[in-house]
Amino acid sequence: MPAFIIDETRHNAGMDRRSENAMKEPLTLVPYDPHWPRRFEALATRASAALSPLPVRIEHVGSTSIPGLSAKTIIDLDVVADPADVPEAVRRLSEIGYVHKGDQGLAGREALLWPPRERQHRLYVCRADSPALHEHILFRDFLRANPEEVKQYERLKRALAARFADDRVAYQAGKASFIDAIMARIANG
C-alpha cells in the first residue's frame, strides 16, 4: 500500500481531542474549490516565514491540489527540507503553534498537528529524499497531467465516501488499488 494512502489515519490517530473529533466526523467530499490553492498559499506563506532562512520548499499535495477533483476540505502541505534541517524546521513550526507528532511509522517524514483554533490541515516536514514525499509528488503530478484518470479517481472516491462515510480507514484502504496501479504505471514509464 502506498505510504501516503494512510496519511489521514496515521496523522490523526491518537493525537488529541481535535484530531479525534475530526476522525469521528462523517467523511464528506465536496466539489473542487478554486479557493483551495489560495488557502494553501496562505498556509505556506506563514510556514515559510517561520522557517526562514532555512532552504525549504513547500508543496501542495493531496486531493485539494488536483484541479477538478472532489476532496475533503483539508489542505495538505509537505515542507521539503534537507535532512540536517528537519529538526530545526520542526522546532520553528512548533513555535507558531504546530504540535510535532513524530514520523508515525513513515521514515523521513515528520507529522505536525495544525495549531489550535485554525482550520484543520495537514503539514508534514519531509526530508528531500523521503519516499512518502516522492510518492505524493509523483501521484499529484500524474493526476494533474491526466484528466481522464482524475475522473476515474473521482468516481472511486465518491463511491467509497458513500459506502464508508463513517469509516475513514476503510475509505483510505479502498483507494489503495487505484493508487498502486497509478504508481506502477509511473514506475514503468
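Helices and strands are taken here as DSSP runs, numbered from the N terminus. On that count, Q104 falls in the loop that runs between strand 3 (99-100) and strand 4 (109-113). The model is a predicted one, and a few spots in its backbone stand out.

Most residues other than glycine have a negative phi, and most peptide bonds are trans. Q104 goes against the first habit: its phi is positive, near 50°, and the residue is not a glycine. R117 does likewise, with a positive phi of about 65° in a residue that is not a glycine either. R117 sits in the loop between strand 4 and strand 5 (121-127). How do the two fare for burial, buried or exposed? Q104 has a relative accessibility of 17%, and because the cut-off for buried is under 20%, Q104 counts as buried. R117 comes out at 82%, so with exposed set at over 50%, R117 counts as exposed. The peptide bond from S52 to P53, for its part, is cis, with omega near 10°. P53 belongs to the loop between helix 3 (36-51) and strand 1 (57-61).

Next come the aromatic rings. A pair of aromatic rings is described by the distance of the centres and the angle of the planes. The count comes to three aromatic pairs. In one of them, the ring centres of F139 and Y153 are 5.5 Å apart and the planes stand at 85°, so this pair is edge-to-face. F139 is part of helix 5 (residues 131-145) and Y153 is part of helix 6 (residues 147-163), so the pair ties together parts that are 14 residues apart in sequence. F139 and Y153 are both buried. Y153 also pairs with F178, this time in a stacked arrangement, at 4.9 Å centre to centre with 10° between the planes. This second contact links distant parts of the chain, as Y153 is in helix 6 and F178 in helix 7 (residues 168-187), 25 residues apart. F178 is buried, just as Y153 is. Put together, ring pairs join F139, Y153 and F178 into a cluster.

That leaves the empty space. Rolling a probe the size of a water molecule over the atoms shows where empty space is left. The largest pocket holds about 220 Å³ of space. It is lined by 13 residues, and E25, K72, T73, I74 and Q120 are the closest to its centre. Sorted by class, the lining of the largest pocket has five nonpolar, five charged and three polar residues.

Conventions: Residues are numbered from 1 along each chain as its sequence is written. This is a predicted model: local features need pLDDT of at least 70, side-chain atom pairs count only at pLDDT 80 or more; totals for chains, interfaces and linings use all residues. Side-chain values use heavy atoms; hydrogens and water are left out. On a 1 Å grid over the protein atoms alone, a cavity is a set of points where a 1.4 Å probe fits but cannot get out, and a pocket is an open set with protein on both sides within 12 Å along at least five of seven lines; lining residues have an atom within 4 Å of a point. Grid points are joined across faces, edges and corners, and a volume is the space filled by probe spheres set on the points. Ala, Val, Leu, Ile, Met, Phe, Trp, Tyr, Cys and Pro count as nonpolar, Asp, Glu, Lys and Arg as charged, and the others, Gly among them, as polar. Helices (H or I, at least four residues) and strands (E, at least two) are DSSP runs, numbered from the N terminus. Buried means under 20% relative accessible area, exposed over 50%, partly exposed in between (1.4 Å probe, protein chains only). Rings of Phe, Tyr and Trp (its six-membered ring) pair if their centres lie within 6.5 Å; planes under 30 degrees apart count as stacked, over 60 as edge-to-face and the rest as tilted.
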